[in-house]
Amino acid sequence: MIFATKAFFIFLPTVLVVYHLLRGRTHKYRVLLAASWLFYAWLSPQYLWVIVLCTVIDYLAALKIEATASDRARKRWLTVSIAANLGLLVAFKYTAFAYDNAASLAGLCGAPVAGRTWDILLPVGISFHTFQGISYTVDVYRRQITAVRSFLDYALFVSFFPQLAAGPIVRAVEFLPQMATPPSPTARQVADGLHFFVLGLFKKLFIADQLDLLFVAPVFADPAAFDPATRRWACVAWAAQIYCDFSGYSDMAVGCAKWFGFDLPRNFNFPYLAASITDFWRRWHLSLSTWLRDYLYFPLGGSRGSPARTYFNLMLVFVLCGLWHGATWAWLAYGLYNGVLMSLHRVWDRALAGVAWADAVRATRAWRLLAWAGTSLAVVAGLILIRMPSWEAGVVLARSLFGLDLLAGWSATVPVWVPVLLGLVALGHLFSGLRGKVCGLLDLPSPVRAAVYAAAAVLLVTLSPGVGKTFIYLAF
Amino acid sequence: MQTRPTTRPGTALRLRGPNVGRVAVVATAVLFPARWRRLAGFVSRNRTVVLFTLFMLGADFVVGRFTATWERHSPDDYAARVTGCARARRDLVFVGGSPVTEGIDPGRIAGIDWNGRSLASAYAVGLSGGTTSDFYHAVVRACPAPPRVLVYGITASDLNDSRHEPHGPYSLMTWGDLTRWVRLRPESAEWVTRHFVRARVGQASNLYRYRHGIRMWAATEADRLVPGSCPESVREADDLRDSAEALETGSGYAPARGFAVGRYDAIKAAELSPGPFTYLDKYRTGSHLKYLHLLIDWCDANGVELVLIDMPVTADLEAKYPAAFAEYRTRLAEVERDRGLPVLRPTRTAVGLTDAHFADLIHMNRDGAARFSAWVRAALEGVGRE
């Protein structure tokens with residue numbers, strides 16, 4: 001059961017009604033935990049034990065860390081928690097990748113190894129809940145939060161179904177305080193929940209799935225069969241699709257959580273308005289990028305060491321960020337690509353920081369526009385890596401993006417709806433992002449908001465593809 | 001101790017002076033009991049959600065006012081055929097699955113002589129993918145005035161108990177039909193209940209029910225405004241509109257574009273796959289057969305003469321499923337013997353059908369349908385004379 005399926009539209013109202021009818025904290029949270037585990041079991045029935053095991057280990061480890069005075073013992077329990085989470089993540093996600101590469105390497109060395117005849121099915125959401133568990137025990141270790149006494153509370157924090165399968169990665173410090181008393185959703189939260197849920201669904205079903213069906217899938221399947229301009233449009237459409245797919249899921253998660261009275265963190269902040277690659281990563285998948293910053297980049301030393309060490313840290317963080325998404329060379333390349341871009345941007349920024357003329361130029365509108373265009377091009381080019389069917393196809397797509405006729409050659413036989421759907425994404429960015437708002441719609445009068453949501457819902461029911469594709473980030 | 005403010009910040013400002021808002025608040029407090037005031041407060045606080053609900057209900061109502069338009073752009077195939085047949089009194093009705101849909105053209109058969117009387121009006125209720133259980137429900141709905149002759153073009157897959165067609169519970173069945181199914185076919189009670197209830201829930205919203213028709217209408221209108229904007233959808237919409245028109249005004253013969261012009265011999269010559277055919281997998285009979293007996297009972301009760309035609313299929317299909325066809329023909333012989341029904345068994349040779357007259361393993365193309373319909377016409381006249 002995923003969002004945007006009929007089963008979910010029966011599951012969600014049922015859980016909401018039962019949850020709000022029940023009285024008492026324990027009853028409510030028990031029902032919510034049971035619903036969350038049912039949700040998980042629906043997606044990954046054979047792996048329910050994985051999330052339960054992680055939950056038990058992290059819960060006990062945190063209690064031990066808090067109860068132990070000696071630093072060595074505290075560190076030992078933290079290691080247990082991190083090793084358990086990363087061990088399961090690596091075992092499920094990277095074993096096949098490691099085997100394939102070891103086999104290839106052995107073949108190159110003249111000691112051929114039999115090809116893999118087995119596969120490991122990935123437990124849904126393992127990349128998300130393991131990171132959530134690690135952040136919790138690390139925060140307890142750092143004495144930033146106290147360990148949770150109630151197993152029910154902790155298990156619900158890890159398994160809360162709206163964000164269970166594909167994030168956002170919620171920190172204990174953000175979520176656990178909200179659980180002190182079962183929050184009763186305010187009228188504002190109910191209305192905002194409707195906003196995020198409907199618009200998230202709209203992004204996913206109406207924009208992302210339509211773009212994929214109409215245009216992106218056929219062009220990416222065989223890019224050589226299309227002219228460069230069409231390929232260019234497809235790259236841009238793919239960038240819009242992955243944004244709408246993932247941010248659509250995040251929005252739906254935020255909306256669902258609001259109906260239970262919980263607030264989840266924002267995961268996207270209009271990433272395609274970014275004027276530098278650093279800015280992009282401050283706007284894209286925020287819960288992951290801040291997690292990597294706080295639990296990897298800073299512990300590695302961040303930018304406090306030598307420049308060489310800083311660039312090493314950046315590269316390491318982004319390579320691991322790429323591998324977190326998927327155990328493939330393409331994702332590794334995506335991480336490397338972004339690490340290099342981040343490092344180059346840092347070199348550039350450091351070189352020009354404090355230079356009067358450079359600051360003056362960079363403050364101009366023309367420069368900001370140029371920076372935005374360059375960043376967008378770099379981001380779109382990077383995204384080719386994670387969709388290309390082969391490296392050859394990737395080169396074909398990238399060439400069309402960096403062709404000399406880039407500015408002139410956008411005239412292509414693109415289905416008329418593709419620019420319309422891309423226009424909707426641009427409209428969202430311009431209408432809200434440029435004004436620094438979460439969403440400009442939230443400030444409009446109730447009748448206007450309600451009319452927009454109803455129009456979106458009508459379009460969803462009538463014009464979205466009959467069968468919704470699964471969310472891209474569910475595979476991570 | 002802090003006290004809760006009685007009004008939200010800003011409200012007091014807006015209500016200052018003898019304005020309508022203050023009068024309304026006072027009037028509400030005086031005229032309505034506390035329960036209603038609480039309700040009004042709830043509605044006021046949740047006005048975005050309440051308005052959204054009202055807008056959705058309004059949209060659903062508006063969509064419900066144009067059902068004919070949506071149905072014209074995307075007919076519910078089963079319902080459209082049943083309605084098309086029920087629109088007028090029919091002398092001769094054909095029923096069956098997709099072999100009947102594609103293989104019998106009632107227009108070529110209407111007007112035959114049956115015991116000295118002409119069967120002037122004929123209609124084919126061919127339900128693609130249907131089973132005998134569905135055909136019984138279709139006949140009951142499609143023939144409010146019983147026809148003189150009912151011809152069931154039966155084939156092996158109709159009786160396969162491993163098959164269930166959700167379109168039947170969706171479009172043809174009532175609560176009474178559901179009860180009977182559960183009683184007669186308890187092994188599929190859960191399946192039919194699930195699909196029947198799901199269908200009723202789906203039909204509760206006009207927006208959801210007619211979503212495909214709305215999509216086809218929107219594609220047509222968009223293409224009119226911006227030619228070439230959605231060519232595939234427009235082609236689909238055109239096909240569906242043609243089909244809807246044929247079912248509404250014609251004799252029920254509305255062959256699918258691919259089947260009408262397809263050639264099985266060409267598929268074989270090109271060594272292409274004829275496509276998957278799973279309708280005879282896990283073949284077992286007995287449960288759907290009960291509905292064949294119900295159909296016979298219905299015909300007896302209403303004075304309708306029932307004729308069964310064992311629909312011809314390609315030799316390759318029979319060769320692929322010899323056991324299934326053997327079991328099916330045994331059952332057919334039992335029904336013929338026990339109920340005294342006329343059963344016509346046209347062989348491919350007798351009709352003159354070759355692979356060139358089929359579009360795939362089981363469906364006749366337009367040429368095949370013409371040839372087979374001529375044979376049916378002659379055969380029925382023969383039966384009518386007896």
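Let's start with helix α12 of chain A, residues 286–297. In this predicted model, 10 of its 12 residues are buried, so the helix is largely enclosed by the rest of the structure. Here buried means under 20% relative accessible area. The buried residues run from A:L286 through a list that includes A:W291, A:L292, A:Y295 and A:Y297. The list also takes in A:S287, A:S289 and A:D294. What covers them? Among the covering elements are four helices of chain A: α5 (126–141), α11 (277–281), α13 (307–325) and α14 (329–352).

Next, the division of chain A. Chain A splits into domain 1, residues 6–182, and domain 2, residues 189–475. Their centres, taken over C-alpha atoms, are 26 Å apart. In the contact between them, domain 1 of chain A puts in 37 residues and domain 2 of chain A puts in 34.

That brings us to the nonpolar cores. In soluble globular proteins, nonpolar side chains tend to be buried together. The largest nonpolar core in this model has 150 residues, and the members touching the most others are A:Y136, A:F157, A:F260 and A:F262. Which helix gives the most to this core? That is α10 of chain A, with 17 residues. Both domains of chain A give residues to this core, so it lies between them.

Take A:F262 as an example. If we leave aside its neighbours within four places in sequence, A:F262 is in contact with ten residues that you can pick out in the structure: A:Y19, A:Y29, A:L32, A:F160, A:F175, A:Q178, A:M179, A:P183, A:Q189 and A:A257. There is also another core, lying apart from this one, with 81 residues, including B:I104, B:V151, B:V304 and B:I362.

Staying with α10 of chain A, look at A:C235, which sits in that helix. Its relative accessible area is 0%, so A:C235 counts as buried. Again leaving aside neighbours within four places, A:C235 is in contact with A:F220, A:V380, A:I384, A:L397 and A:L401. For a sense of distance, A:C235 and A:D209 are 26 residues apart along the chain, and 15 Å separate their C-alpha atoms.

Now the salt bridges. How many are there over all chains? The count comes to 34. I will go through three of them.

One is between A:D192 and A:R449, where the closest N and O atoms are 3.0 Å apart. A:D192 is in helix α9 of chain A, residues 187–221, and A:R449 is in helix α19 of chain A, residues 446–463, so this pair ties together parts that are 257 residues apart in sequence. Buried or exposed? Both A:D192 and A:R449 are buried.

Another joins the side chains of A:K203 and A:D251, at 2.7 Å from N to O. This pair also links distant parts of the chain, with A:K203 in helix α9 of chain A and A:D251 in helix α10 of chain A, residues 228–259, 48 residues apart. At 17% relative accessibility, A:K203 counts as buried. A:D251 is buried too, because its relative accessible area is 16%.

The third is in chain B, between the side chains of B:E334 and B:R331, at 3.6 Å from N to O. These two are 3 residues apart in helix α19 of chain B, residues 322–339, which means they are separated by about one helical turn. B:E334 has a relative accessible area of 26%, so it is partly exposed. B:R331 is also partly exposed, at 24%. Besides these pairs, salt bridges with shared partners join B:D310, B:E318, B:R329 and B:R348 into one network.

Last, the surface of chain B. A nonpolar patch there is formed by B:V26, B:V30, B:L31, B:F32, B:W36, B:L39, B:F42 and B:V43, and together they have about 800 Å² of accessible area. Where do these residues come from? Helices α2 (20–31) and α3 (34–45) of chain B each supply at least two of them. Helix α3 of chain B gives the most, with 4 residues. B:L39 lies in that helix. At 41% relative accessibility, B:L39 counts as partly exposed.

To put the two ends of the talk side by side: α12 of chain A is largely enclosed by the rest of the structure, while the patch on chain B is on the surface.

How values were computed. Residues numbered from 1 in each chain as written. Chains lettered and ligands numbered in written order. Predicted model: local features only at pLDDT ≥ 70, side-chain atom pairs only at ≥ 80, totals over all residues. Heavy atoms only, no water. Patch = residues over 30% accessible without salt bridge, like charges linked within 9 Å, V, L, I, M, F, W, Y side chains within 5 Å. Areas by Shrake-Rupley, 256 points an atom, 1.4 Å probe, with all protein chains shown as cover. Salt bridge = Lys/Arg side-chain N within 4 Å of Asp/Glu carboxyl O. Buried < 20%, exposed > 50% of the residue type's maximum accessible area, 1.4 Å probe, protein only. Contact = heavy atoms within 4.5 Å. Core = buried A, V, L, I, M, F, W, Y, C linked by side-chain atoms within 4.5 Å. Domains from an automatic or database assignment.
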